[in-house]
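Here are some exercises to work through with the structure open beside you. Try each task on your own before you read its solution.

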Amino acid sequence: MSTETTQGYYSPDEAQALFQQANEAYAREDYTAAREGYDKLLAHGFGGPDVLYNLGTTHLAHGDLGRAVLSLERARKQGGKAPDLESNLALARARQVDKVVGATADEPFLSRVTAATDGAMVSWVFLGAWLVGFALVLARRAWPWARGTVTAVLAGLCLTAAVPAGALLAAHVWVHQNVHEAVIVSPTVAARELPRDGARSLFEVHAGLKVQTLDESGRFVRIRLPNGLEGWAERDGVADI
Amino acid sequence: MRRTGSGRAAWFAVLALLATAPAWADDIEFYQTADRTEVGTEDAFHLTVVVVNAPANAQVRLPQSEDFEVLSNSRSSQRSISLSGGGPAVIQDVTRHMLVLRPNRAGSLTIPPAILNVGGRQMKTEPVRVTVKEGHASQGSAQGSARPALPDPFRNMPSTANDTLGEDEEADEPVIPRGDSDLFLRSTLDRDDVYVGEQVTLSLYVYSRVDLSSVDSVTMPKLEGFWSEAVENPTQLSSDQKIVDGIPYRTYLLRRSALFPVKPGALTISAAEADITTGFLFAGHRVHRIANALKVKVRPLPAGAPPGMSNANVGNWRLSLDVSNTRVELGQPVTVKVVLEGTGNVKNITPPKLTGPASLKVYDPTTTDKLTPSRNRIQGRRVVEYLVMPQRTGAFTLPALEFPYFDPSTRRYEVARTEPVTLNVEAGAGGSTSLGTQTPRLNDSASEQKNVLTSGGIRPVRYQARFEAPATPVWQRPFFATAVLAPLGLLAGVALMGGVRGRLATRTEAGKGKQQARAARKRLAAAEKLRAGKDAGAFYVEVEKGLLGFLDAQVGAPLGGLTRDALGERLAAAGVDAERRARVQFVLEACDMGRYGGGVEPAERQKVLEAAAAVMEGWGR
């Protein structure tokens, strides 16, 4: 057990104690107390995949499908991919009301690439290759003993490796900036044709459905379903992952 | 010559021989009989004409009538010698004429009398009246006839027909088809009234009075509603003799199958077909023959079946259990064989399933069958072999097994049973009492509850947490952009430093010249102070050093020590014009003269000083 966050509202021991209290509340099926405990940790900077997973599991046990999916997706986004997480996420999806017909694997290429790779890892690989490559170039200029072929080859390899790593990093940056995933958290949300209350309702979505948010206008956010359906939904019913 | 016997004794011997010689019976008997008095137009029946003690010249004229067709005519003779008391043996000759007749029309018909002519004397038999119906006459009338009394012309011939047909083979004779009387197919059943699951044996024969070359193809009938097992499938033709309506045929068995009806009702067996080649070599002739269809009445099993009874459980069965070892170590498997053997449809029976307590893991079994048909009856054994793996130590019981079946011979339900078997499972060499977690030794735990584990449900929460602050992507952290741009900045800085250093180097050369020029002017200023002094040499030394220092700085190379000509050339090479070179030469020569020639006039010193200043001030313009 380790704690990376040491500053903040709780000391590490207090955070652990609160986490255990929440777990015990979950064990006695006091889901409200358990959820409050996990929420407190998150609110004071003591988050992470484990807390989010427990929070999502608590919501799932409590029947709050939307927030269960939201917390579990957030846990997964923070690198918490694990069999228990995937299992509970699958269970939550199985309980969803909505069945998106026509949802295919036509997810954009960049989204698929970024989903398959770890952004932090890509960042570190790019940075390392970039710095080492330039360091070797500078060394060749500064010191005569570093002007050998080996140094040149290593510098070339590092800078060559930095090119695809940089491209992958650029993909992550683009997806991070442009693709916004969200989860429907309200039991029922109407997707309207225009971002106003009186607009015609195109379709309804229900808690737990994962969507993309494209645009925002006042109280409304434009959502896109995995099969391409789009509509304006009230912002309160949609939570970003 | 003396005579050795008397004539009287010889006469007595001849009389004695005559007294003991056999005597021929002299009473002639002549009659005819039919084996049936009621026949159908499709039936054949036997007419036998018997002549007893007919002399050699006796002539028999058999009855002839247009109402009957003679299918066959044969004759047999029999001579018997009987001895009674001390009298002579009596010899009796019996001659039988056997006709196979078939009526040509229905009605009350009369077979005319047969006639016997003996030495001019004529004897007649009584006519025989036969009632003829259309089609076939009933079986009962045939059975009620005097058929068993008729002689069999082939009774003395060796025949194995009865042996090959088996004890249950149907004794029914086939009907000779009108068109194909020389060669026809015949399907027979050993019985036509059975229970569900009881064996019926179907045999397909060729009846032939011609030579067979080969049977080219045989199409067995459709057997809907039957489970079929082959009993005989001869690969070579072998014939037997059989009399059909008094006509001798060679019979060839083509197929024999055991049929087990699987449902009650009137089941039909369609006609088999065969292509048969007759004759030999180039005289061969291929014919197609179709056998007769058959019907079987299948009765349902009677009421009162025991639990677990199936329609396939018919026959006579014995059930047994074979356990490889009843005392084993934990982890050692036990082989348990459930053996069901007997008579019936071996391949369709299902022996009872072996069960056991949860502490004995029973794996899926393997089934092997061994058929040993005997006398056309299907029998054998079915063995279901289980692998049983004890999971715990203790004494565990494999329960008794039961197999209910219906025995058609007794028409009763029976139950074959096995005894329970107890397995003693002991700890192995490691001393473990179970293959999984440590559990106490259990005694027969057949009733313990199963722990049902499914893969569904919510996974539990995590007991420990690794807390992390909300993570900012690495590329959004401040150091990242700095680190990425730093090498570029560093490279640019290095390049910039190189440029600056180059420039600084250039500028230093110029400054050095200026410094030298300033030093030269300082020397001239010092010489100005010495101009009015007594030491003229010091004055001219200062002027010469000042001028040469200035020239060194301007040309960029030391000029001291050069001859006047060499100095002139160097200045010319540096682009100094002739007038200035002349002034330099004037000053240097004046200095030489002043130091070594004694010229010490102040006016002269002033003139040299001004010339040196003029060289310096006008330089570079």
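**Exercise 1: a hairpin in chain A**

Task: Describe the hairpin of β5(A) and β6(A), and find the residue in it that takes a positive phi.

Solution. A word of care before the steps: this is a predicted model.
Step 1. Start with the loop: the hairpin of β5(A) and β6(A) has five residues between its strands, and A:G228 takes a positive phi near 100 degrees.
Step 2. Now look at the strands themselves. β5 covers residues 220–224 of chain A and β6 covers residues 230–234 of chain A; the two run antiparallel and are joined by five bridges.
Step 3. Pick out one bridge as a check: A:I223 has A:G231 in β6(A) as its bridge partner.

**Exercise 2: a salt bridge between two helices**

Task: Find the partner of A:E86 in a salt bridge, and say which helices the pair ties together.

Solution.
Step 1. The partner is A:R76, with the closest N and O atoms 3.1 Å apart. That is within the 4 Å cut-off for a salt bridge.
Step 2. Place both residues: A:E86 lies in helix α5 (residues 83–94) of chain A and A:R76 in helix α4 (residues 65–77) of chain A, so the salt bridge links parts that are ten residues apart in sequence.
Step 3. For context, the structure holds 34 salt bridges over all chains.

**Exercise 3: two open sheets in chain B**

Task: Give the strand order of the sheet that contains β13, β22 and β19 of chain B, and then that of the sheet that contains β3, β11 and β8 of chain B.

Solution.
Step 1. In chain B, three strands form an open sheet with mixed pairing, in the order β13-β22-β19.
Step 2. Find the edges: β13 (193–195) and β19 (265–269) of chain B each have a single partner strand, so one side of each has no neighbour in the sheet. On average, neighbouring strands here are turned by 35 degrees against each other, direction ignored.
Step 3. Follow one pairing: β19(B) and β22 (residues 294–299) of chain B are antiparallel over five bridges. Within this pairing, B:A266 stands opposite B:K297 in β22(B).
Step 4. Turn to the other sheet, also open and mixed, with three strands of chain B in the order β3-β11-β8. Its edges are β3 (38–40) and β8 (107–111) of chain B, each with a single partner strand, so one side of each is left free of a neighbour in the sheet.
Step 5. Here β3(B) pairs with β11 (residues 128–133) of chain B in the parallel sense, over three bridges. B:E38 has B:T131 in β11(B) as its bridge partner.

**Exercise 4: where the chains meet**

Task: How many residues of chain B are in contact with chain A, and which three supply more of the area that chain B buries than any other three?

Solution.
Step 1. Count the contacts: 28 residues of chain B touch 51 residues of chain A.
Step 2. Name the three: B:R462, B:F467 and B:W475 supply 27% of the area that chain B buries against chain A.
Step 3. Look at the polar side: there are two salt bridges across this interface. B:R462 and A:D50 meet in a salt bridge through their side chains (2.9 Å, N to O).
Step 4. Sort the residues on the side of chain B that touches chain A: 20 are nonpolar, three polar and five charged.

Notes: Residues are numbered from 1 along each chain as its sequence is written. Chains are lettered from A and ligands numbered from 1 in the order in which they are written. This is a predicted model: local features need pLDDT of at least 70, side-chain atom pairs count only at pLDDT 80 or more; totals for chains, interfaces and linings use all residues. Side-chain values use heavy atoms; hydrogens and water are left out. Contact means heavy atoms within 4.5 Å. Buried area is the accessible area (1.4 Å probe) that two parts lose on being put together, summed over both. Ala, Val, Leu, Ile, Met, Phe, Trp, Tyr, Cys and Pro count as nonpolar, Asp, Glu, Lys and Arg as charged, and the others, Gly among them, as polar. Two strands pair if DSSP finds at least two bridges between them. Helices (H or I, at least four residues) and strands (E, at least two) are DSSP runs, numbered from the N terminus. Axes are lines fitted to C-alpha atoms, for helices over the stretch in contact, and angles run from 0 to 180 degrees between N-to-C directions.
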